[in-house]
Amino acid sequence: MSAHSHRTSLPKHLKIAVLSMSSTRTFENDKSGLWIKKQAKKEGHEVVIHQVIPDDANAITDALGHIIERIAPHAVIMTGGTGVSPKDVTIEAVRPLFDKELTAFGPVFAQLSFEQIDSAAILSRATAGFIKGTAVFCMPGSLNACKLACSNLIFPELGHLIKHAKE
């Protein structure tokens, strides 16, 4: 199979869940989550749920478990809670759930971030992996970080990731 035919056989219309972690944002002012939702639709995907939940490990694992088990999206795109403050617990809540971790996601995101925000890129702990066949991406809550990750990493490779996860 040629590289071109491999790429053309990828799924193009996927079910996406958007999950924002914040103690201050509401659904109405969740700029990052709303942008991800709009961009996913532009890419031809269906957004099956968009929630804003507190920066709380139990709330995160409960919401993620519900979404994966009951709604069964191809991917969950999570924003917020990836920094270094004590309230940033997204990574601690999600990473232990991974069946497989996409270990290149964080470093590649950091490299792209470094090109934009210089050494402040080390403050992000972005990560990604699979939980029960669902791709899960954890990225910072800033709108610029979401645009960077989604436009350069997540949406260009999502069909490819899902195809291989379902083999």
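Here is a short tour of the sheet in this predicted model and of the helices that pack on it.

**The sheet.** Start by colouring the strands. You will find an open sheet of six, with mixed pairing and the order β2-β1-β3-β6-β5-β4. For its edges, select 46-53, which is β2, and 100-101, which is β4; each of these strands pairs on one side only.

**Inside the sheet.** Next, pick residues 15-21 (β1) and 75-79 (β3). These two strands run parallel, with five bridges between them. To look at one such pairing, click on serine 20, whose bridge partner in β3 is threonine 79.

**Helix α3.** Now add residues 57-71. This is α3, a helix that packs on the sheet and touches β1, β2, β3, β5 (127-131) and β6 (134-139). Compare its direction with that of β2: the angle is about 160°.

**Helix α6.** Select 143-165 next. Helix α6 lies across β1, β3, β5 and β6, and runs at about 165° to β6.

**Where α2 meets α6.** Keep α6 on screen and show α2, residues 31-42. How do the axes of α2 and α6 cross? They come within 9 Å and cross at roughly 30°. Angles under 35 degrees count as roughly parallel, so α2 is roughly parallel to α6. The crossing is right-handed.

Finally, turn on side chains at this contact. From α2, show Lys31, Ser32, Trp35, Ile36, Gln39 and Ala40; they meet Leu143, Cys146, Lys147, Cys150, Ser151 and Phe155 of α6. Colour them by residue class and you should see seven nonpolar, three polar and two charged residues.

How values were computed: Residues numbered from 1 in each chain as written. Predicted model: local features only at pLDDT ≥ 70, side-chain atom pairs only at ≥ 80, totals over all residues. Heavy atoms only, no water. Pairing = 2+ DSSP bridges. Helix = DSSP H or I, 4+ residues; strand = E, 2+ residues; numbered from the N terminus. Contact = heavy atoms within 4.5 Å. Axes fitted to C-alpha atoms, helices over the stretch in contact; angles between N-to-C directions. Parallel < 35°, antiparallel > 145°, perpendicular 65-115°, else oblique. Left-handed = near helix turned anticlockwise from the far one by under 90°. Nonpolar A, V, L, I, M, F, W, Y, C, P; charged D, E, K, R; others polar.
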